[in-house]
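User: Please take a close look at one part of this model, the packing between neighbouring helices. I would like a connected account of the contacts and of a few residues in them.

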Amino acid sequence: IAFALLKTTKWVYVSMGQTKRQFQWGLVSSPLMIVAVSIGAVYGAEGVAIGFAVGNAALVLPGLALCLRGTPLNLRQYLGIAALPAVASACGALAVWPLLNAGIFTNSIVELAVTACVFGAAFLLSWLIMPGGRRPLQDALRLAVAIRSGAAKAGATA
């Protein structure tokens, strides 16, 4: 989740013409990520993943704060926007966690299919029950219908 939040800063830096500040942040964040991953590497592949996750988690708030400085969006607003998908993703991950640790799958394809379905169901359910969760889904559905009807009209006139 922290990685996803940090990745969106690229769009803000570019759209605001702040690529110099983005470069300067990279000069700080990249060495810190290298250290985090290197420490994790001592513990193997899982340690690398944990180091990557911890490094991103440590950098997310300062990275977002720096990126959003001088923009119309503040950190509180940004986190408010990101909260719904972040919490839904965390719920999906928590739902899948016991399946991955149970050792019940002998086929990787089956494991992927089952865990993807469980994650998707938990994500959607948690999104729907959270305050304000239904509106974005309704907006997306309306947009999909509008695009589909527009494409059908364009196909009829062609």
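Analyst: What follows describes two helix pairs and two single residues. The model is predicted.

The helix pair α5 and α6 comes first here. Their axes are 8 Å apart and meet at an angle of about 140 degrees. The two helices are therefore oblique to each other, as angles count as roughly antiparallel only when over 145 degrees. The crossing of α5 and α6 is right-handed. On the α5 side, the contact includes Leu84, Pro85, Ala88, Ser89, Cys91 and Gly92, and further along Ala93, Ala95, Val96, Leu99 and Leu100. From α6 come Glu111, Val114, Thr115, Val118, Phe119, Ala122, Phe123, Ser126 and Trp127. By class, these residues divide into 15 nonpolar, 4 polar and 1 charged.

One of the α6 residues in this contact is Ser126. Helix α6 spans residues 108-129, and Ser126 lies within it. The relative accessibility of Ser126 is 8%, so the residue counts as buried, the limit being under 20%. Leaving aside residues up to four places away in sequence, Ser126 touches Ala88 and Cys91. Both of these are listed among the α5 residues of the contact. A polar atom of the Ser126 side chain also lies 3.0 Å from the backbone oxygen of Phe123. Phe123 is itself one of the α6 residues that meet α5.

Helix α5, residues 75-102, also packs against helix α4, residues 44-68. Here the angle is about 120 degrees, with the axes 10 Å apart. α4 and α5 are therefore oblique to each other, and α4 passes α5 in a right-handed crossing. The contact is formed by Leu61, Leu64, Ala65 and Leu68 of α4 with Leu75, Tyr78 and Leu79 of α5. Its residues are 7 nonpolar, with no polar and no charged ones.

A further residue of α4 is Gly55. With a relative accessible area of 8%, Gly55 is buried, because that value is under 20%. Gly55 touches Met33 and Ala36, not counting residues up to four places away in sequence. Gln18 is 37 residues from Gly55 along the chain, and the C-alpha atoms of these two residues are separated by 23 Å.

To put the pieces together, α5 packs with α4 at about 120 degrees and with α6 at about 140 degrees. The contact of α4 with α5 has no charged residues, whereas that of α5 with α6 has 1.

Note on methods. Residues are numbered from 1 along each chain as its sequence is written. This is a predicted model: local features need pLDDT of at least 70, side-chain atom pairs count only at pLDDT 80 or more; totals for chains, interfaces and linings use all residues. Side-chain values use heavy atoms; hydrogens and water are left out. Axes are lines fitted to C-alpha atoms, for helices over the stretch in contact, and angles run from 0 to 180 degrees between N-to-C directions. Helices (H or I, at least four residues) and strands (E, at least two) are DSSP runs, numbered from the N terminus. Angles under 35 degrees count as roughly parallel, over 145 as roughly antiparallel, 65 to 115 as roughly perpendicular and the rest as oblique. A crossing is left-handed if the near helix is turned anticlockwise from the far one by less than a right angle, and right-handed if clockwise. Contact means heavy atoms within 4.5 Å. Ala, Val, Leu, Ile, Met, Phe, Trp, Tyr, Cys and Pro count as nonpolar, Asp, Glu, Lys and Arg as charged, and the others, Gly among them, as polar. Buried means under 20% relative accessible area, exposed over 50%, partly exposed in between (1.4 Å probe, protein chains only). A polar contact is a pair of N or O atoms within 3.5 Å; within protein, one must be able to donate a hydrogen and the other to accept it, and residues adjacent in sequence count only if both atoms are side-chain atoms.
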